[in-house]
Amino acid sequence: MSDDTIEDLEAFRQRTRAFIQGNLRPSEGIDMSMPGLASDEEELAAVARERAIQRMFFDAGLAGICVPTAYGGQGLPPEYQRVLNDELAGYEAVRRIAVPTMSPCMAVLLEFGTEEQKLRHVPAILKGDEIWMQLLSEPGGGSDTAGVRTSAVRDGDEWILNGSKIWTTGAWWSDWGLCLARTNWDVPKHRGLTVFILPLHQEGVEMHRIEMLNGNKEFCQEFFTDVRVPDSDRVGEVDNGWTVGIRWMFHERMLYNSPYVTVPSGSMRMRGGAVGMRDIARDTGRADDPVAQDLVGEAIMLELVGKELQQRLVEGMTTRSMNDQVAALGKLYGGVTGTRMSTIAMELAGSAGGTWDDDDGAAVERGTAFLMRQTACIGGGTTEMARNVVAERVLGMPRDTPVDRDVAFREVPSGRSKS
């Protein structure tokens, strides 16, 4: 789309506002808890609703704001996506589709996919027909993304995958996966990786759901047994998957700040953020307690700083005045403050956070959230990895010398020592 035909930003805002008010429900009264805490029937109904909303966005010319028009998007600058997100505040959203379907999965396809792959999948994603998951973590891998052991062996025009992936949120109701696999065991670990795309529900894929401490069953583990993938579903060059992986990690750290993601501004803050903390203080009778007021003030400060930080990072990366690896700063801040916000909520809730009834209002289940607080520092890449990225790729500090840098991956020790 050329500059002389691009829609005026204010006209776009008015069109967007009219569509939202005419088609979407206010978020007040809608269960905005994280996926996985409802029944399976309720969860599937919510997924179906999000698919329908995404299709409405597509039909209204509001899907894929920054995606090229050749693939079904609007080809508009990032400021148009920010307008859409602002206008969506207070309305229902496509949270399950936004991440990781749009980013990092669609973002990776747009950057590294073949023309055929992009034409096949990107429009389907924008219509809500395809929901994608990222198949990265492995049972024995921890944060060592490059140490994957799921293998892909070439067999003519196909590849045969064997192995396992874990912590795949929502895989049981999703359609496709972006999978990092090992295709060469005789080179150092970063040089023998390849990325593939594959349907999640097919012969050879066995899926187990994992029940968490809070009853959440969204996390899944997938087992691949002789799963055949056509070479046409390979993303990037053979054994060069780490080049794709580096950008994959970047898009993962961007999360809801990605220009490809449509989500109401402010909606991803912890259960209302600072507003939620004020609600807890009110519902526990501590609104006038100076200690509680200090805690609420801290929550307000953390939320304000986080919002300004994210805006600065997005603007810096968009204008290229900052290294795009500064996305790790956002991830680091989100992880650290996420755990702190859970702690503040628990301190405000007091005994009602440990045992509660229906009359405890905003204090309900704060104890469970407190026990789960560390997930903010693990999901989407650990804060330890974010610190490394900030130190090495943003600040330019010397990198640690890995002991397995020049060692063929098959020779790298794994498992417990026999000493």
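This passage describes selected strands, helices, cavities and residues of one structure. The model is predicted.

Strand β5 (193-199) follows β4 (176-182), with a loop between the two. The two strands run antiparallel and are joined by seven bridges. Within this pairing, Gly177 has Leu198 of β5 as its bridge partner. Strand β5 also pairs with β8, a strand made up of residues 234-235. That pairing is antiparallel too, and two bridges make it up. Here Phe196 is bridged to Arg234 of β8. Of the seven residues of β5, six are buried, so the strand is largely enclosed by the rest of the structure. In a regular strand, side chains alternate between the two faces of the sheet.

The loop that links β4 to β5 contains Lys189. Lys189 has a relative accessible area of 12%. This value falls under the 20% cut-off, so Lys189 counts as buried. Leaving aside residues up to four places away in sequence, Lys189 touches Asp144, Ala146, Gly147, Arg182, Asp404, Val407 and Phe409.

Helix α3 spans residues 78-88. Its buried residues are Tyr80, Gln81, Val83, Leu84, Asn85, Glu87 and Leu88. They pack against two other helices, α1 (9-23) and α2 (40-59). Just after α3 comes Gly90, which takes a positive phi of about 95°.

Helix α2 also contributes to an internal space. One cavity of 30 Å³ or more is counted in the model. The largest cavity holds about 60 Å³ of space. Its lining consists of Gln54, Phe57, Leu62, Ala63, Gly64, Val94, Ala98, Met102, Tyr260 and Thr262. At least two lining residues come from α2, and at least two from α4 (95-112). By class, seven of the lining residues are nonpolar and three are polar. No charged residue takes part in the lining of this cavity.

The second largest pocket holds about 430 Å³ of space. It is lined by 16 residues. Closest to the pocket centre are Arg247, Phe250, Pro259, Met317 and Arg320. Three elements each give two or more residues to the lining: α4, α6 (241-254) and α8 (290-318). Helix α6 gives the most, with four residues. The lining of this pocket divides into nine nonpolar, three polar and four charged residues. Helix α4 thus appears in two linings, that of the largest cavity and that of the second largest pocket.

Helix α7 covers residues 273-283 and includes Ala274. The relative accessible area of Ala274 is 3%. With the cut-off for burial at under 20%, Ala274 is therefore classed as buried. Not counting residues up to four places away in sequence, Ala274 touches Ala299, Ile300, Glu303 and Met341. Ala274 and Ser342 are 68 residues apart along the chain. Their C-alpha atoms are separated by 11 Å.

Technical notes
Residues numbered from 1 in each chain as written. Predicted model: local features only at pLDDT ≥ 70, side-chain atom pairs only at ≥ 80, totals over all residues. Heavy atoms only, no water. Buried < 20%, exposed > 50% of the residue type's maximum accessible area, 1.4 Å probe, protein only. Contact = heavy atoms within 4.5 Å. Pairing = 2+ DSSP bridges. 1 Å grid on protein atoms, 1.4 Å probe; cavity = no way out; pocket = protein on both sides within 12 Å on 5 of 7 lines; lining within 4 Å. Points joined across faces, edges and corners; volume = space filled by probe spheres on them. Nonpolar A, V, L, I, M, F, W, Y, C, P; charged D, E, K, R; others polar.
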